[in-house]
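Here is a set of exercises to work through with the viewer open. Try each task yourself, then read the solution step by step.

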Amino acid sequence: MSFNIPRGTQDILPGESERWQYVEQIARDTCAAFQYKEIRTPIFEHTELFARGVGESTDIVQKEMYTFEDKKGRSITLRPEGTASTVRSYVENKLFAQPAQPTKLYYIGPMFRYERPQTGRYRQFYQFGIEAIGSKDPAIDAEVISLAMSVYEKAGLSNLKLVINSLGDKESRADYREALVKHFEPRIDEFCHDCQTRLHQNPLRILDCKKDRDHELMATAPSIQDYLNDESRTYFEKVKQYLTDIGVEYVVDPNLVRGLDYYNHTAFEIMSNAEGFGAITTLAGGGRYDGLVEGIGGPESPGIGFAMSIERFLSAIDAEGIDLPLQDGIDLYIAALGDDAKDYAVSLLNRLRKEGISSEMDYTGKKLKGQFKAADRLKAKFIAVLGEDELAQHIVNVKDTTTGEQIEVKLDELIQMMKAHKKA
Ligand code: HAM
């Protein structure tokens with residue numbers, strides 16, 4: 001019997017996991033600079049949270065959730081995204097009552113969606129996301145967008161395209177919805193089944209339909225920009241002004257509607273323009289969600305955030321041919337010959353490691369040649385050869401693999417020597 005990994009999931013193996021850690025560290029460092037703090041919420045929540053939070057009419061809730069009953073018959077769902085859980089926690093833990101507002105949070109972790117897997121689309125994928133809750137200042141919209149761009153730029157990406165739109169406030173959206181229904185209703189039977197259901201549930205999502213995107217009514221559909229009321233228009237103008245002030249380039253796309261129901265005002269996506277990136281070019285998406293906190297039972301607290309997939313981030317890095325400056329190689333390999341030398345090496349290695357010297361030895365009974373090969377594979381900066389003779393004289397032969405130089409070092413001075421090298 002053999003076991004295979006479930007469809008749409010991946011093993012991240014050593015060699016690859018270092019790249020993950022590298023970009024996750026960029027995300028963490030950027031959050032520290034922008035003053036966003038980490039939140040860790042459960043991988044599963046009560047299903048109702050996502051139905052309410054993400055929205056009943058969304059593809060996520062209708063088709064893509066991993067939902068099951070626990071042993072007590074409660075409906076549980078593996079989180080498909082991080083915003084609903086973050087907002088649940090914000091309300092449950094009364095983070096709104098803390099003195100520092102807005103509450104600025106970030107998360108990194110796996111999300112689950114039962115989608116058709118393809119390059120860049122997985123059933124388990126990792127999101128890095130942030131949420132700023134408790135402020136309706138266009139400057140925070142610009143901050144959130146700028147943080148996302150900074151993360152990509154720090155990793156060296158340059159073929160990026162930021163697309164923004166305003167979905168307006170409730171009033172603007174109500175007017176726009178009505179206009180869309182009027183536009184599509186007379187010919188809705190020419191559209192797919194999903195769009196027919198969307199017509200009255202959430203007509204904005206029709207604009208996002210992949211099946212019907214070439215229908216002539218798509219091109220002539222009314223634009224949200226024509227339905228923004230004064231307040232929404234002013235808000236959007238201010239967001240754009242701040243983006244310009246801080247040097248973030250953007251393109252306005254009035255057809256950008258996001259796939260989740262909680263958005264209003266600012267919505268944005270970041271795409272990769274890199275050649276060969278693949279069919280799915282969206283790296284990150286986010287927007288403002290005034291009303292979501294109240295929808296989940298909290299006080300009025302407007303919010304905005306985004307999430308990016310780590311998988312797509314790394315693919316974009318590959319597509320741009322960027323070599324990440326990963327830490328490579330260990331400090332020292334101890335090649336031991338003979339039983340006594342090996343026994344001594346075990347405790348010496350332990351002391352070295354406690355001093356923070358990355359070091360390794362052989363545990364598979366290799367001869368000296370094999371141990372040298374292993375040291376080479378590990379890209380050891382130094383190799384210490386310890387045989388019975390050296391042990392008797394309390395010395396070790398240390399080879400600098402960069403220069404080829406060999407020196408004799410007293411056994412009780414090896415740790416000091418390695419520490420000095422590490423500092424230099
Ligand atoms: P979303 O657009 O559904 O938004 O997902 C955000 C990002 O997650 C996408 O741009 C993509 O990078 C990644 N993503 C989504 N689905 C998959 C998948 N199946 N495989 C790989 N990557 C995927 C949200 O999730 C919102 N919670 C974002 C947000 C935060 N809005 C406000 N705050």
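**Exercise 1. The three-stranded sheet**

In which sense do β2 and strand β4 pair, and over how many bridges?

*Solution.* Keep in mind throughout that this is a predicted model.
Step 1: Find β4 at residues 75-78 and look at its pairing with β2: the two strands are antiparallel and share three bridges.
Step 2: Pick one residue and find its partner; Glu45 is bridged to Thr77 in β4.
Step 3: Now step back to the whole sheet, which is open and has three strands in the order β2-β4-β3, with antiparallel pairing. The edges are β2 (44-46) and β3 (67-69), and each of these pairs on one side only.
Step 4: Look along the sheet for its twist, which averages 35° from one strand to the next.

**Exercise 2. The eight-stranded sheet**

Trace the open sheet of eight strands from edge to edge, then find the helix that lies across β5, β6, β7, β9, β10 and β11.

*Solution.* Step 1: The strand order is β1-β5-β6-β11-β10-β9-β7-β8, and the pairing is mixed. At the edges sit β1 (37-38) and β8 (251-252), each paired on one side only. As a reminder, strands of a sheet pair through backbone hydrogen bonds, either parallel or antiparallel.
Step 2: Zoom in on β9 (residues 264-272) and β10 (residues 282-288), an antiparallel pair joined by six bridges. Here Ile270 stands opposite Ala284 in β10.
Step 3: The helix is α5 (residues 138-154), which lies across β5 (103-112), β6 (124-133), β7 (160-166), β9, β10 and β11 (303-309). Relative to β11, α5 runs at about 15°.

**Exercise 3. The ligand and its shell**

Which of the 28 residues around the ligand come nearest?

*Solution.* Step 1: The nearest are Glu81, Glu115, Glu131, Arg258 and Tyr263.
Step 2: Check the distances from a ligand nitrogen to an N or O atom of a side chain. For Glu81 the distance is 2.5 Å, for Tyr263 it is 2.6 Å, and for Thr83 it is 2.8 Å.
Step 3: Consider how much of the ligand is covered: alone, the ligand exposes 660 Å², and the protein buries 96% of that.
Step 4: Ask which elements build the shell; β6, β10 and β11 each give two or more residues. The largest share, six residues, comes from β10.
Step 5: Sort the shell by chemistry, and you get twelve nonpolar, nine polar and seven charged residues.

**Exercise 4. Two backbone details**

Locate a cis peptide bond, and then a residue other than glycine with a positive phi.

*Solution.* Step 1: Recall the usual pattern: most residues other than glycine have a negative phi, and most peptide bonds are trans.
Step 2: The cis bond joins Gln101 and Pro102, with omega about 0°. Pro102 lies in the loop between α4 (83-92) and β5.
Step 3: The positive phi belongs to Lys379, with a value near 55°. You will find Lys379 in the loop between α13 (368-377) and β14 (382-386).

Methods. Residues numbered from 1 in each chain as written. Predicted model: local features only at pLDDT ≥ 70, side-chain atom pairs only at ≥ 80, totals over all residues. Heavy atoms only, no water. Pairing = 2+ DSSP bridges. Helix = DSSP H or I, 4+ residues; strand = E, 2+ residues; numbered from the N terminus. Contact = heavy atoms within 4.5 Å. Axes fitted to C-alpha atoms, helices over the stretch in contact; angles between N-to-C directions. Near = heavy atom within 4 Å. Polar contact = N/O pair within 3.5 Å; in protein donor to acceptor, adjacent residues only side chain to side chain. Areas by Shrake-Rupley, 256 points an atom, 1.4 Å probe, with all protein chains shown as cover. Nonpolar A, V, L, I, M, F, W, Y, C, P; charged D, E, K, R; others polar.
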